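Subject: The structure I promised

Hi,

Here is the structure we talked about, ready for you to open in your viewer. Have a look at it first, and then read my notes below.

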Amino acid sequence: MDSHPSVEGVRNLIEGHVSARDVIQAGRIEHLVIEARPEAHTALDGLPAPGRVFVGREPELGRLAELLGPEGPATASRAAPEPEGGAATGPEPEAETATGPGPEGGAAATPGPEAETATGPGPEAGASPSGAAPAPEAPGAFERLAARHGLEPWTPPAPAPGEPGPIWRMSRPDGSWGPVPDNLRMLARPSPSGQLLPLPYALLEDPADQAPPAGGRPDDAAPPESGPASVVLITGPGGAGKTELALQAARLSRTQGAFPGGALFVGLAGYRPDRRVEPVRALGVLLEALGVPAAEQPAGQPEREQLYRSLLAARDGAVLVVLDDAASLPQVLPLLPGHPDARVLVTSRHRLTLPGAEVVELSGLAGPAALAALRLHARAAGRSERRFEREPEAAAALTGLCEGLPLALRMVGALLAADRRLPLGELAEELGDRRTALDGIADEEQTLRAVIDLSYRHLPPDQARLLRLLALAPFPVATDVASALDDAAERTTVRRLRGLARAHLVTGGGGRDGRWELPGLIRLFLDGLGPEAPAGEREDALIRLLLVYQGRAREAVADLHATTPRDGRSVAVRRAQGLGWLDTVLPEALALLGTDAPADLRVVLCYHLERYLDRRHLPGTALTVAYAALALTLELPLPDSPADLTAELPRMVRDALNSLGAALIDVRQPAAAAAAFEDAVQRARADGDAFDEARSLAHLGRALAGLGRTEEALEFQRQAVTLLAGQDRPAQLLTARLLLSRTLRTAGRPEEALAELEAVRTEAGSEARAEVDRAVAKILLALDRPAEAVARLRSALDHHVAAEQVFPAAVTRHELGRALIAAGEPAEAVEVLLPVELAAAMNQDHWLTARAWHDLARAHHALGTPDRPDALLRHAAALARSTGDGQLLVRIGQTWQRFGDLPLAVASWLAAVDALLATGDLTGAHSLLLQVADGLEPRDDHPDLQALIPELRTHAAALAAQQEPT
């Protein structure tokens, strides 16, 4: 080959007509100066036409105009094409936006301005969540945030001498809990009691930060710097509208004169194995667009790359290259121009690590934007669309089914446009079938299932397997749980999870404590995947998942009931951490009970949950778990159950029956509880287990007492005491005697109950004496001997404090506060109840918080404190309603009545009726309705309440009819 180009080669360079040989030779010229003016190149325009319906992508379009254009930000919304018929591009100027059809469909929404994060739990304002190393706040930002949300800075007080005090914790962004670091300050909200209740959140206050410049909002972050970028990646899940957004952005940039050299487009079909365009072929398409006929193109990829880049460098004006639907870096890198004036716009379902690329990430549209997109796609021939006004709920359901994916919205809109008489509700019902939804959302080319399948088939086998296994957990999973599902080292699983996140098939992350979640449509796809997994993969993974939760629940319950330090953690810290973990994972554990994992593993998980639910006072959930435990136990033994499990099965069934009976008593269903205990008694007798017989007899007596069968109850409970007296079971004997004394007390025989308890106390140890003292105090209060009750409760409190029993100490303090009110010492009652409120609030214990507020109201009323009793009682009633605490609502109604506000008393009692009905307590609801009606009968001073009486009696009669045996 000659070392210099031919004369014809130089002419071709000048005129723009080249061959591969000439360009390769020309590449060796270093000092040749051509004194001829090149002819102007024809501007390239190889872009497909963008969709006519483009709604709701103004933020992303503006961002892309910034990144692609050489002159800074562009006003995207002004140049965006209007939808057909001249309709507005969105429902409101501020609304998030949507995109219309393209090779992939529409696009997705970018969240609006960063939302305020300083919201706390419950209806009242809270604080901004913060992780272990939150972003520093400017000086004073902490106070500004507090003032904006009605909060106050707060520092945890030191515990009283000899007391462990509450455990101060903070929440992390992933929902887990940790200690409060020294450089963090906490926020608190004012309580109706007058003290500050700390929120379990914290913010960093960094004194080294400088104040912001004058005129700007001090707690707003400066916008990120942006400008032209050589490579821009638009990424998001399949159907998110990446292609359409790229085409709209390219057209907008061209109309604003950003690319005088033209624009090129090549569809790489990276996720379609049968149509995938490899780099050498893509280069051929690009060269042909640049004017090189196929016959004159080099055959090899390296030569095509050099020719492609040379031609782009020689063009008069910058060129935009759009590389659509790329699946990997090797598919993209050979197509990058390498010229500083050229721009490249890449779309991909994967978050490709392109060097120096700016990334615009898309997801599903939300709210008004999705609805606007669906509505525009549903229009046919410009005709008006009224179905959306007639069926707003169905319209929202359709956008929810699509999860805001523009492609899905376009498909559903086309179905509506094709049948103008099809009601939205009917289509929503049809598409709501999980088995067929992904096939029902379709157009003439493909189904939504097929779109997702392209991403799934592109995964490496290890990532595809992990994705299938993640679908077994019906909730977001922590990294270590994902590792257990994967049956791999955590580091290996994290690498696979990140690969799935780059493919937009899972969301989440954030380190070891982060959570990984399957989008709803991906979960739907995996549910319908069919028998693709190897035999046993699913079953083995479910077992591993249950074993993780079962083991951790066992450890958490052990910590919850800890009596000794362990691993450098005090008793109080262990209990707080156990309670916090169980609070966090309760929904997950309940969901696992509904899987088809082996029944024996689910039974053990039920056992651990029962102990926690009893501590949290969640009777409705406890009843659900108890029923599940009994049903699962009756499924045993399994064919592969070990021999020791089979031997233990009779005892497990009796345990399940006893737990169910206790749960039924807690929701005031004594008849059903008695049936469960009677079954347990008969089984224990048949198995010759005197201990279990005694245990069931004691609780059977409690259920019968609730039915008014007092003599039978006492007989059974005395039998239980006799059976246990001959065994070395002091704790169980104490429980039986306490139950016997309770029955005596409720039967109106308090002196006998006291005698029973005093006999027990002389034989009991210190912990048992504390329980006995609390039981004695209740009887003394019933006998109108409050001073003696106060003394007993002080003795019990001393024991709980010495033993670092934080929760029993809080409950005993509450009982002491009530006794002090009865003893005529309301000021001291307030001093005792305030720490109860504080400890309960920090542990998110709504049951105890509401009770503390109720009794603080009574104490302040006795003190004559203006306004405070009403505020406290209203807060207590609101919290009791939200938690369905019917028992407390009855007491709150009685207190309102004593305060002289009968309408509020009746409102509280009617709320209690609703709460009782929600837990299935028809007897209690019926009785309460009649009591309210009877109480209102003589009150002719309240005509409005008098008018309620017939309605109350009608409801009571209906409940009585429901309880009649069939």
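Let's start with Trp581: setting aside neighbours within four places in sequence, Trp581 is in contact with Tyr549, Arg552, Ala553 and Ala556. Trp581 itself sits in helix α22, which covers residues 571-593. Its relative accessibility is 26%, so Trp581 counts as partly exposed. Along the chain Trp581 and Ala556 are 25 residues apart, while their C-alpha atoms are separated by 6.8 Å.

Before you go further, please keep in mind that this is a predicted model. The mean pLDDT of the protein chain is 79, and 79% of its residues reach 70 or more. Among the elements, helix α35 (residues 846-863) has the highest mean pLDDT, at 95, and helix α4 (residues 76-79) the lowest, at 36. Two stretches to flag:

- Over residues 71-139, pLDDT stays under 50, and the model has 203 contacts beyond four places in sequence for them.
- Over residues 202-226, pLDDT also stays under 50, and here the model has 43 contacts beyond four places in sequence.

Now for the helix pairs.

**α21 and α23**

Two of the residues that Trp581 touches, Tyr549 and Ala553, turn up again in the contact of α21 with α23. Helix α21 spans residues 537-560 and helix α23 residues 599-616; their axes are 9 Å apart and the packing angle is about 30°. The cut-off for roughly parallel is an angle under 35 degrees, and α21 and α23 are therefore roughly parallel to each other. The crossing of α21 past α23 is left-handed. From α21 the contact takes in Ile543, Leu546, Leu547, Tyr549, Gln550, Ala553, Arg554, Val557 and Leu560, and from α23 Leu601, Arg602, Val604, Leu605, His608, Arg611, Tyr612 and Arg615. By class, that contact has 11 nonpolar, 2 polar and 4 charged residues.

**α24 and α25**

How do α24 and α25 lie relative to each other, roughly parallel or roughly antiparallel? Helix α24 (residues 619-635) packs against helix α25 (residues 643-666) at an angle of about 155°, with the axes 9 Å apart. Angles over 145 degrees count as roughly antiparallel, and that is therefore the arrangement of α24 and α25. α24 passes α25 in a left-handed crossing. On the α24 side you'll find Pro619, Ala622, Leu623, Ala626, Tyr627, Ala629, Leu630, Thr633 and Leu634, and they meet Leu649, Met652, Val653, Ala656, Leu657, Ser659, Leu660, Ala663, Leu664 and Asp666 in α25. The class split for this contact is 16 nonpolar, 2 polar and 1 charged.

**α13 and α14**

Helix α13 (residues 406-418) and helix α14 (residues 424-431) have their axes 11 Å apart and pack at about 135°. That angle makes α13 oblique to α14. The crossing of these two helices, α13 and α14, is right-handed. Val412, Leu415 and Leu416 are the α13 residues in the contact, and they meet Leu424, Leu427 and Leu431 in α14. Its residues divide into 6 nonpolar, no polar and no charged.

**A few single spots**

Is Arg774 buried or exposed? Its relative accessibility is 16%, so Arg774 counts as buried. Arg774 is placed in helix α31, residues 766-782. Apart from neighbours within four places in sequence, Arg774 is in contact with Leu793, Ala796, His800, Val811, Thr812 and Glu815.

Asp341 is in a loop, between α9 (329-332) and β10 (343-348). At 47% relative accessibility, Asp341 counts as partly exposed. Not counting residues up to four places away in sequence, Asp341 touches Ala318 and Val319. The C-alpha atoms of Asp341 and Ala229 are separated by 9.7 Å, with the two positions 112 residues apart along the chain.

Finally, helix α3 (residues 58-68) is mostly covered, with 9 of its 11 residues buried. Among the buried residues of α3 are Glu58, Glu60 and Glu66, along with Leu61, Leu64, Leu67 and Leu68. Gly62 and Ala65 are buried in α3 too.

That's it from me for now. Shout if you want to go through any of this together.

Cheers

Note on methods
Residues are numbered from 1 along each chain as its sequence is written. This is a predicted model: local features need pLDDT of at least 70, side-chain atom pairs count only at pLDDT 80 or more; totals for chains, interfaces and linings use all residues. Side-chain values use heavy atoms; hydrogens and water are left out. Axes are lines fitted to C-alpha atoms, for helices over the stretch in contact, and angles run from 0 to 180 degrees between N-to-C directions. Helices (H or I, at least four residues) and strands (E, at least two) are DSSP runs, numbered from the N terminus. Angles under 35 degrees count as roughly parallel, over 145 as roughly antiparallel, 65 to 115 as roughly perpendicular and the rest as oblique. A crossing is left-handed if the near helix is turned anticlockwise from the far one by less than a right angle, and right-handed if clockwise. Contact means heavy atoms within 4.5 Å. Ala, Val, Leu, Ile, Met, Phe, Trp, Tyr, Cys and Pro count as nonpolar, Asp, Glu, Lys and Arg as charged, and the others, Gly among them, as polar. pLDDT is the predictor's confidence in each residue, from 0 to 100. Buried means under 20% relative accessible area, exposed over 50%, partly exposed in between (1.4 Å probe, protein chains only).
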